[in-house]
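This report introduces a structure to a reader who meets it here for the first time. It treats charged pairs, helices, internal space and a part of the surface in turn.

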Amino acid sequence: MISRNFKNVLVVSIGFLSLFTAYGGLQSLQSSLNAEEGMGVASLSVIYASIIISSMFLPPIMIKNLGCKWTIVAGMACYVSYSFGNLYPGWYTLMPTSVILGLGGSPLWSAKCTYLTIAGNSQAAKDGKKGSDVINQYFGIFFFIFQSSAVWGNLMSSLIFGQDANIVDIPEEQLQTCGTADCGLSINSSSNSTTTRPEQKLVWTLVGCYIGVGVLAMLIVAVFLDNIDRNTTSEFRGNREPFWHTFLATFRLLKDWRLVTLIPLTMYSGFEQSFLSGEYTKNYVTCALGIHFVGYVMMCFGATNSLCSFLFGRLARYTGRAALFFLAALTNFACIIALLYWRPHPNQLGVFFVFPALWGMADAIWQTQTNALYGVLFPREKEAAFANYRMWESLGFVIAFAYSTFLCLEYKLYILLAVLVLTVITYPIVEYREHKNPTLPVIDGTSDDSEKAYEKGQEEDEKNVIRQTQM
């Protein structure tokens with residue numbers, strides 16, 4: 001019989017699967033579906049700018065007052081509002097709902113990460129295992145289920161948009177401008193109806209489905225998720241810290257050099273995700289194949305990402321994080337170099353799926369291992385640590401989406417490569433220090449007796465501890 005902690009991990013994962021079936025599908029389509037005046041990409045930039053602002057103060061305040069469970073529910077409601085904004089997309093509907101989504105995004109993800117870390121440490125104490133191993137496993141399970149949302153969300157868009165009666169072949173003159181062959185700032189849509197918006201009734205059908213699965217996600221979490229940090233939340237409300245103490249918790253953690261050193265790694269996560277969803281879908285897939293192929297290509301990314309998240313979450317205990325991070329960096333490096341020289345053409349249909357498959361494998365490592373790394377390094381400041389994670393990752397998204405409308409595709413790839421190189425230089429410093437001076441976990445969500453017993457066991461075995469986490 002599965003443990004209560006494992007059940008809660010499944011509930012959180014399924015809830016996020018349902019929510020991001022909607023949001024992930026919409027994000028993949030924004031650069032193509034709402035391309036007029038760069039409105040779609042602008043809305044994504046506003047989302048992640050709002051996430052940065054909310055990361056500065058909202059996660060610790062909401063999590064400590066509402067608890068992880070209800071913070072997740074409230075954050076999901078903010079995401080659903082963005083789907084409503086896409087029913088009648090315009091500057092006056094997309095921008096406000098983008099701000100709402102962004103304000104709820106950081107508390108949502110911080111609460112999820114905090115919840116999984118608490119559950120992982122709690123289960124590790126019960127089973128006599130290392131906290132980092134169980135946390136890695138839980139994040140792997142979460143991302144295995146969560147990343148499959150890209151499959152279902154994009155399958156919905158491709159099946160629905162595939163019914164469009166206006167699909168025609170791509171003219172050869174447009175194919176000459178795809179990829180880095182042209183600057184890539186605009187795709188000629190006057191001669192190709194596949195790059196324009198599909199029929200409005202099809203858009204309404206798709207967005208209506210996305211709203212439905214978003215509401216379902218809220219219900220799943222509200223009904224089935226245990227409130228495992230209820231006692232901590234009640235204690236905080238009864239012994240309330242000064243507002244400014246909670247408000248500044250995210251910034252105080254920046255005094256820790258480990259967090260500052262991890263900023264390039266965290267920002268790269270935003271850069272690489274935004275490139276695939278914003279640039280690859282527009283300048284390679286939509287340009288050469290048509291918008292109805294975006295969903296199928298991103299399904300490949302989601303399927304690979306999901307399977308690799310589960311695999312690497314378990315593999316990390318044997319290989320360590322560093323080997324996996326190196327594999328991800330090498331994979332992204334090879335893809336970036338190839339994309340600089342590849343000239344996409346419909347006759348090379350299989351190649352369009354190779355890149356997102358490789359990108360999905362690398363992204364699975366960036367997501368699972370970076371989340372787990374934050375949980376292991378900052379067990380006593382989980383809320384502030386994951387708020388910083390979301391803030392710096394979102395800054396990567398904002399920068400990438402901000403220059404999307406005025407930098408040529410070739411330069412975007414060079415910037416992505418430069419951030420990757422910086423990540424490869426800075427990350428090993430933190431990992432080496434953690435290897436030499438391991439951070440001991442803090443047990444949350446367990447009884448006082450269990451925590452005392454665990455701490456006593458740690459003290460007795462201290463001389464035998466080599467390291468808390470593998471490199």
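The side chains of Arg-4 and Asp-226 form a salt bridge, with 2.7 Å from N to O. Arg-4 belongs to helix H1 (residues 4-33), while Asp-226 sits in the loop between helix H8 (200-224) and helix H9 (230-238), so the pair ties together parts that are 222 residues apart in sequence. The model in which this pair is found is a predicted one. The two partners can also be described by their accessibility. Arg-4 has a relative accessibility of 56% and therefore counts as exposed, whereas Asp-226, at 18%, counts as buried.

**Salt bridges**

The whole structure contains six salt bridges. Three of them are set out below, including the pair already described.

| Pair | N to O distance |
|---|---|
| Arg-4 and Asp-226 | 2.7 Å |
| Lys-412 and Glu-279 | 3.0 Å |
| Arg-390 and Glu-393 | 2.4 Å |

In the pair of Lys-412 and Glu-279, the closest N and O atoms are 3.0 Å apart. Because Lys-412 lies in helix H18 (residues 409-436) and Glu-279 in helix H13 (residues 263-288), this salt bridge ties together parts that are 133 residues apart in sequence. Lys-412 is buried, with a relative accessible area of 2%, and Glu-279 is buried as well, with 6%.

The side chains of Arg-390 and Glu-393 also meet in a salt bridge, at 2.4 Å from N to O. These residues are three apart in helix H17 (residues 382-402), which means that about one helical turn separates them. In an α-helix there are 3.6 residues a turn, so residues three or four places apart point the same way. Both Arg-390 and Glu-393 are buried. Elsewhere, salt bridges with shared partners join Arg-4, Lys-7 and Asp-226 into one network.

**Two covered helices**

Helix H16 (residues 349-377) consists of 29 residues. From its first C-alpha to its last, H16 reaches 43 Å, close to the 42 Å expected at 1.5 Å a residue. H16 is mostly covered, as 23 of its 29 residues are buried.

Helix H5 (residues 131-146) has 16 residues and spans 22 Å between its first and last C-alpha, close to the expected 22 Å. Because 14 of the 16 residues of H5 are buried, this helix is largely enclosed by the rest of the structure.

**Internal cavities**

How many cavities of 30 Å³ or more does the structure hold? There are four. The largest cavity has a volume of about 440 Å³, and 27 residues line it. Of these, Phe-20, Gln-27, Phe-146, Gln-147 and Gln-273 lie nearest the centre of the cavity.

Several helices contribute to this lining. At least two lining residues each come from H1, H2, helix H4 (91-127), helix H6 (149-161), H13, helix H14 (294-319), H16 and H17. H1 provides the largest share of the lining, with five residues.

**A nonpolar surface patch**

On the surface, Ile-53, Val-99 and Leu-103 form a nonpolar patch, and together they have about 220 Å² of accessible area. Ile-53 is part of helix H2 (residues 39-55). With a relative accessibility of 45%, Ile-53 counts as partly exposed, because that class lies between the limits of 20% for buried and 50% for exposed.

How values were computed. Residues numbered from 1 in each chain as written. Predicted model: local features only at pLDDT ≥ 70, side-chain atom pairs only at ≥ 80, totals over all residues. Heavy atoms only, no water. Patch = residues over 30% accessible without salt bridge, like charges linked within 9 Å, V, L, I, M, F, W, Y side chains within 5 Å. Areas by Shrake-Rupley, 256 points an atom, 1.4 Å probe, with all protein chains shown as cover. Salt bridge = Lys/Arg side-chain N within 4 Å of Asp/Glu carboxyl O. Helix = DSSP H or I, 4+ residues; strand = E, 2+ residues; numbered from the N terminus. Buried < 20%, exposed > 50% of the residue type's maximum accessible area, 1.4 Å probe, protein only. Expected span 1.5 Å × (residues − 1). 1 Å grid on protein atoms, 1.4 Å probe; cavity = no way out; pocket = protein on both sides within 12 Å on 5 of 7 lines; lining within 4 Å. Points joined across faces, edges and corners; volume = space filled by probe spheres on them.
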